[in-house]
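Here are some short exercises on charged side-chain pairs, each with a worked solution. Have a look at the model first, then work along.

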Amino acid sequence: MFLITLFITLFFLSITFIKYKFSYWSRQNVPYIEPNFPYGNFKDSGRISIADISAQQYNEMKSRGKFFGMFFFLQPIVMITNLDLIKTILIKDFNYFPDRGVYHNLRDDPLSGHLFSIEGNKWRSLRTRLTPTFTSGKMRMMFPTLKAVGDNFGAFLESAVGGGIEMELKDVVQRFTTDVIGSCAFGIECNTFVDGNSQIRSVSRLIFDSPKHSGKKRLLLKLFPEIGNKLRIKQLNENATDFFQKLVGDTITYRVKNSTDRNDFMSLLIGLMNKGELTLDEAAAQSLIFFLAGLETSSSNQTFCLYELALNQGYQQKARECILEAMEKHGGLTYEAVSDMQFLDQCINETLRLYPAVPVLERKTFQNYQIPGTKVIIPKGMKVHIPVYGIQRDEQYYPNPTVFNPDRFYPDAVAKRHLCAFLPFGEGPRICIGLRFGMLQSRLGLATVLSRFRIMPCSQTTIPLEYSTKSTVLQAKGGLWLKVEPL
């Protein structure tokens, strides 16, 4: 009898506790989406992509005010819908929101301590030291390395395509980005066009396709990062981190021993290590995130762009003419040529609008923050969501938002639009540090393909696209199949 009474008491106490937690936004007089236990407002996670989930939330509540409340399990979070308020949070009041709140464990998993995840003064210091790597001058110096990989890319396609073939383009473009990043970040020849199953590709697949933890465990680490650190839980696969630590260590040893300077990312890291400003683990962590971010986001952007151009042959021909004119003007596929392809840039940006790699920007409140013009306080430690995918497909900012239209990114049209209506790289002090490199890589890859080949839909092309529900970045479900034929 006692046990039954205890059980009933605990049951009702649990219900009372859950109801109290789920009444948080009601008590703050903030509009919110009604949650469901235990997932809060994310019960469809795993069945629907995070891009589609966030867009549904945004569209349901954007007319209710500048922001609204939600729940990630029992944790309250706030989503911002007003562009002026987003600008304030990302730029003007950045000091209240300097961190992303990404799980990392520097003690047991040092390669998780990269620029994307670290916080506070450590992030500020590292960001300042790494910024010189990505200036336009550095991009120009790295370009010959990119161009050599681009030539291999074109030769591989010519050999593989023959008179025309249906192919899964994400895999092919990922070989290009793997070789580019491998060369610029580590100074190694990956040769993935020769060996599609090289070790570095196998390791990258291990990270993206076979994460160390299940989806549920990743959710728990997201909810309770402090507990994860106390339990010494590692985020990354040990085989992958061991490979990258050895690769970086061997590369640095070789370069120092042979006084090698390639004017690339690794050279900058070695310079910082020589000054005592960076440890070997920290250098390896930055190399890892440079490789992973550049590999996935750039390959996805190029593949999505080719997909849209395959469905819009008129724009594809206009992009091709833009590329060929720039090549003729500047004597080939030079740095000056890829920097002078206005319409190709518009195609890339329109692709980033439709398919942002990070569908939702997250920020964590560093200290209590009163939302301007309201009495609402976002308490220290609360997560803030900015629905990039939803905003960039909002007809208020982009008429016929699901239609691919590069004309939206004519300079005059961009100047008339709110800064925060386009956020594929984020904004403010925490904007993507590799933005210039990513754009350069995408221009070169697309110019290499479009100057030599025509891309068309095929029997295996998925229309409309479906998104993967397993990936944390926006990816097409089942790959992207298109027909490629020589011009």
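A salt bridge here is a side-chain nitrogen of Lys or Arg within 4 Å of a carboxyl oxygen of Asp or Glu. The model is predicted, so local features need pLDDT of at least 70 and side-chain atom pairs count only at pLDDT 80 or more, while totals for chains, interfaces and linings use all residues. Residues are numbered from 1 along each chain as its sequence is written, and side-chain values use heavy atoms, with hydrogens and water left out.

**Exercise 1.** Find what the side chains of Glu350 and Arg408 form, and place both residues.

*Solution.* Step one: the two side chains meet in a salt bridge, 3.0 Å from N to O. Step two: Glu350 belongs to helix H16, whereas Arg408 sits in the loop between helix H17 (388-392) and helix H18 (411-416), so the pair ties together parts 58 residues apart in sequence. Helices are DSSP runs of H or I with at least four residues, and strands are E runs of at least two, numbered from the N terminus. Step three: Glu350 and Arg408 are both buried (under 20% relative accessible area; exposed is over 50%, partly exposed in between; 1.4 Å probe, protein chains only).

**Exercise 2.** Describe the pair Glu466 and Lys477.

*Solution.* Step one: their side chains form a salt bridge at 3.9 Å, N to O. Step two: both residues lie in the loop between strand S8 (453-456) and strand S9 (481-486), eleven residues apart in sequence. Step three: Glu466 is partly exposed at 45% relative accessible area, and Lys477 is exposed at 52%.
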